[in-house]
Amino acid sequence: MGTKTYAQTISDTTVMVKGIRDNQEVLAKRQIDTVFADSLKADIDTAVILNNEQESLKAKLKEKTEQLDGIMANLTKKASEARKIIKLDMPQSSWREFGIGDKR
């Protein structure tokens with residue numbers, strides 16, 4: 001049996017709240033009453049808000065990762081071009097000044 005998603009848990013618990021409210025006379029003797037149902041509903045409402053915020057942050061993270069990947073590809077390309085020119089035009093003894101190891 002797999003783990004439920006947040007959305008599934010929220011949906012299932014919303015149904016549970018309705019069931020508790022519809023059957024409170026039977027469940028109240030074990031402290032599953034309207035106070036409990038109201039508390040559960042408040043938790044559901046908070047979970048929905050936080051889940052929505054999390055999904056928004058995931059989308060923003062994906063967007064920023066794509067931006068970073070693009071910049072890093074550009075940076076790597078430019079650094080590689082510069083490295084080639086430095087190795088051609090500068091003596092090997094000065095390569096460390098440019099962050100380049102002694103390898104040809």
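Ser94 is buried here, with a relative accessible area of 14%. That puts Ser94 under the 20% cut-off for a buried residue. This is a predicted model, so keep that in mind for everything below. Ser94 sits in the segment after H3, and its side chain reaches the backbone oxygen of Pro91 at 2.8 Å.

**The chain as a whole**

Let's zoom out for a moment. The chain has three helices and zero strands, and reading from the N terminus the elements go α-α-α. It is more spread out than a compact globule, because its radius of gyration is 29 Å, well over the 13 Å that the globule rule gives for 104 residues. The C-alpha trace tells its own part of the story, spanning about 90 × 25 × 20 Å along its principal axes.

What share of the 104 residues in the chain is buried? Buried residues come to 12%. As for surface, the chain exposes about 8,700 Å², and 59% of that area is supplied by carbon and sulfur atoms. On the contact side, take the pairs in the chain that are at least 6 apart in sequence: 26% of those contacts join residues at least 24 apart.

**Thr13, in the first-numbered helix**

Now for helix H1, which covers residues 6-22 and holds Thr13. Is Thr13 buried or exposed? Thr13 counts as buried, at 17% relative accessibility, since the cut-off for buried is under 20%. Leaving out residues up to four places away in sequence, Thr13 touches Leu40 and Ile44.

**Met72 and a nonpolar patch**

Helix H3 runs over residues 34-89, and Met72 is found in it. Met72 is partly exposed, with a relative accessible area of 40%. That value falls between the 20% and 50% cut-offs, which is why the label is "partly exposed". Which residues make the nonpolar surface patch? Leu68, Met72 and Leu75 do, and the patch comes to about 280 Å².

**Three residues side by side**

Here are the accessibility values for the residues discussed above.

| Residue | Relative accessible area | Label |
|---|---|---|
| Thr13 | 17% | buried |
| Met72 | 40% | partly exposed |
| Ser94 | 14% | buried |

To pull the residue stories together: Thr13 is a buried residue that touches Leu40 and Ile44, Met72 is partly exposed and belongs to a nonpolar patch with Leu68 and Leu75, and Ser94 is buried with its side chain reaching the backbone oxygen of Pro91.

Notes: Residues numbered from 1 in each chain as written. Predicted model: local features only at pLDDT ≥ 70, side-chain atom pairs only at ≥ 80, totals over all residues. Heavy atoms only, no water. Patch = residues over 30% accessible without salt bridge, like charges linked within 9 Å, V, L, I, M, F, W, Y side chains within 5 Å. Areas by Shrake-Rupley, 256 points an atom, 1.4 Å probe, with all protein chains shown as cover. Salt bridge = Lys/Arg side-chain N within 4 Å of Asp/Glu carboxyl O. Helix = DSSP H or I, 4+ residues; strand = E, 2+ residues; numbered from the N terminus. Buried < 20%, exposed > 50% of the residue type's maximum accessible area, 1.4 Å probe, protein only. Rg over C-alpha atoms; globule rule 2.2 N^0.38 Å. Contact = heavy atoms within 4.5 Å. Polar contact = N/O pair within 3.5 Å; in protein donor to acceptor, adjacent residues only side chain to side chain.
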